[in-house]
Structure formats: structure tokens, C-alpha cells
Amino acid sequence: MPVPLLDLKPQYAALRAEIDLRLREVIDSQVFILGPVVARFEAETKAHSRAAWATGMSSGTDAQLAILMALGIGPGDAVITSTFTFFATAGCVARVGARTIFGDIDPATFNLAPDWVEHYLRTVARRDAEGVLRTPAGDRLRAIIPVHLFGLCAEMDRFLALGREFGLEILEDASQAIGAEYRHADGSVGSAGAMGRFGWFSYFPSKNLGAFGDAGSAVGTRPEDEAVIRAMRMHGMTQQYYHEVVGGNFRLDAMQAAVLSAKLPHLDGWSDARRANAARYREAFQAAGLTERIQVPQEPFAGRGLRQHHIYHQYVIRTPQRDDLLQFLRAAEIGCAIYYPLPLHQQQCFAAWGGRAGDCPQAEAAAAEVLALPIYPELTEGQIDEVVARVAEFFRSR
Ligand SMILES: Cc1ncc(COP(=O)(O)O)c(C=O)c1O
């Protein structure tokens, strides 16, 4: 039985009447750019993400770009982030003229390793005569961008503490993690995107909350930052045709906001379903005796009283036989994909930053071993069992 990596049709079928009605309302209103439908979605995302504000943006990428521009991060500046993430996280840094310092990952969670960052800040970075923290190349360190990869929050307490100690902004790439929760050491609950100063979500159609095109949100924890991002998404305009700074066209459109508003009330339930699918995979892989051969996703925050301790945007296993398994599953029509095959420090477009094979050994090993399996909420138990049966068949044939 073929199993697709992702099938968006059942979700649309379940919400078709509601979504079509809301799209029709936008068409009838003929208000396509910003307006009340976008404002409503912004109020809803602000509440859902527990942020101080939420601003609808044209994509996750544009949200990050606007945030970096608002902070004035540019030439002569450097930002630390994970080398094992989607391209945009570092691409935006390059686009504003700054440099990315690529950090290695924790091999169990695939997230940026706090130990790597701490080591870099304490032993590689240096304060100059004026007390400015600089990279060995002389760039001024401005921010750390933890990425909540695959729907699991990074170790935010460590990054927040490092940010305070070293005077760095903490900017969360929560593109894959809308609704994911984190338990702080003081017992309070943090929500992805709303723990650092700024965060952003992507509503690319395959995300847990997916638009009918490109869309995103910028969120933040300081009320005074909201107006700056709102201006940024409108070419830096604060009053009609008066521009204090240069921004861009980073606006969310009303058609996307209408779809997203219809879907948002269902998001937590869909993430619950993804987690239930992950639990079934875990049990089935254990029952098949496969947990010695593959590493299943880790859940470091499970059992801490959090509902959304992992939202499973992707369900990623690890095995040294990844390439053969991928070919085997594809031949059996089981959807699977590699996120991501080449860490960012090894990408050709960043060669000028001097990254080399061996710089981030954990990320390089992960890139050779990771494989994402189907996890979307509407996946049936029979489909999960089929995927596990095929993986078991592969290992039996070895
Ligand atoms: C980790 C990460 N960062 C950034 C982005 C960029 O988001 P978008 O595709 O909405 O621009 C994505 C999604 O594609 C992502 O997964």
C-alpha cells in the first residue's frame, strides 16, 4: 500500500465549507491587502502563541528578514545559529549583509547545542578594547538564533542565559514549531517564538498550520517592538508615504489570513494527532525490534506536564543505512525525505565564510543519517503499520 509523505486533501475536505465561506467573504469585500481579516488572524495568533504581539507577514523568511532589519543587523555584524536548519535561517542573515557563525547540534534532538554556543562565546569570541564582543574575524556578535527544528523547542533556558550574559538578542526560528511548548527551570511554560525578543512562524502549506500559499508571522515579547515590524512590512512607512527607515513589502494577504483563521482552532488537535502517530511509530518500532537499528525521535520535554512538548512537524529517524533505506522505501511507494542533506556551513553560497567539512561533526553525521517518515495528522494506523512493516522488511533483508 503506498503511503504519501504528506497529503493535504483530507484536511481541506474536513474544513472545506468553513474555508470556502471565509474566502468568499474576502472576495466579496474586495479587501485583499491587510484589513480586518488579517487583523483578526493577528489577534488569534497573538493569543495562541502567548506573545505580546503578532504581525502577519508574507512568509517566515520575510518575517525573519524584517526582524533583522528592525534590529539594524548588517555589515560588520555576526549571528550564531544552527548549521542544521532550513536555508532561510542563514540566508536572511546573508541578505542583510551580516555573517552567520554556524554552530553544531545536539545529536539526540538535532537542535543547536547550547554547549557549542557557550564554548564559542567563552573561548573563541573576544571583547575588544571598547568591550564589544567580536568574532575572530572582527565581526560584532549581535544575536543567537535557536531553531526549534522538526517541532521540538531548543534548550531555551541556556540560550536565554547566554543572551543575558553576553548581551546578545535571542531570536527564535519557530517556523516549524508553532504551538510547541517548553518548561523553564522556574516551572513556567514557554511557547515557541515567544521566549526570546522576537520569533517567527512559517505557514508554508506543509507546515502544521499551512496556508494556501506563502505566509508567516513575526511575534515578540516586547510591546514596543510591534510598531517597528509593522512599519518594516510596509516599506518602513509610519504615516502614509512618510518613510523613516527602509523596509519591504512583507505583508500577509487577506486570502491567506482567512484560510489560516479557519484552520487555527484545529491546530492543537492536529498536533495531538501527530504526537499520537509518533507514539504508535515508537511502539511499533519497539515491537519489531528495530530500535537498536534506528534512532527514533527523542522527547526531552515529555512527562513535564506539557501538552505540546513536541509538535512533530517532521518525524525524523536516524540510521547509518539511510541512503539504502530511502531507496527501498521509495521503491515501495512509502513517502520519505531528507531534511537536510548538507549542513549550511558546507553550502557553496556560504563558502566565503570559510566553513569546511569537519567543522560541525554532529550535524554532518546527522545529514548523512536522517530520514523523515509520514506523520501528518490524518495518517491512519494502518498506514503507520505499513511504513513500519516496510522498514522492518528492509532491515530483515540486510
Ligand atoms: C526552519 C525554517 N526556517 C525558515 C523557514 C522559512 O519559511 P517560509 O518558507 O515561510 O519562508 C522554514 C520553512 O520553510 C523553516 O522550516
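Which residues touch the most other members of the largest nonpolar core? In this predicted model, they are L121, L141, I144 and Y203, out of 57 residues in that core.

**The cores**

Several elements each supply at least two residues of the largest core: α1 (9-29), α2 (36-49), β2 (77-82), α5 (114-124), β6 (140-145), α6 (156-166), α8 (254-263) and α9 (267-287). The largest share comes from α8, with six residues. Both domain 1 (9-103 + 110-264) and domain 2 (266-396) give residues to this core, so it lies between them. In soluble globular proteins, nonpolar side chains tend to be buried together.

A second core is separate and has 29 residues. Among them are V3, L325, L379 and I384.

Y203 merits a closer look. Leaving aside residues up to four places away in sequence, Y203 touches F41, T45, I178, L209, G210, A211, G213, A215, G216, S217 and L260.

**The ligand site**

The ligand is surrounded by 14 residues. G60, T61, D173, S202 and K207 are the closest. Three side chains place a polar atom by a ligand oxygen, as tabulated here.

| Residue | Side-chain atom | Ligand atom | Distance |
|---|---|---|---|
| T61 | polar atom | oxygen | 2.5 Å |
| S202 | polar atom | oxygen | 2.7 Å |
| K207 | N or O atom | oxygen | 3.1 Å |

How much of the ligand's accessible area does the protein cover? On its own, the ligand has 380 Å² of accessible area, and the protein covers 93% of that.

Note on methods: Residues are numbered from 1 along each chain as its sequence is written. This is a predicted model: local features need pLDDT of at least 70, side-chain atom pairs count only at pLDDT 80 or more; totals for chains, interfaces and linings use all residues. Side-chain values use heavy atoms; hydrogens and water are left out. A nonpolar core is a set of buried Ala, Val, Leu, Ile, Met, Phe, Trp, Tyr and Cys residues joined through side-chain atoms within 4.5 Å. Buried means under 20% relative accessible area, exposed over 50%, partly exposed in between (1.4 Å probe, protein chains only). Helices (H or I, at least four residues) and strands (E, at least two) are DSSP runs, numbered from the N terminus. Domain bounds come from an automatic or database domain assignment. Contact means heavy atoms within 4.5 Å. A residue is near a molecule or strand if one of its heavy atoms lies within 4 Å of it. A polar contact is a pair of N or O atoms within 3.5 Å; within protein, one must be able to donate a hydrogen and the other to accept it, and residues adjacent in sequence count only if both atoms are side-chain atoms. Accessible areas come from the Shrake-Rupley method with a 1.4 Å probe; for residues, only the protein chains shown count as cover.
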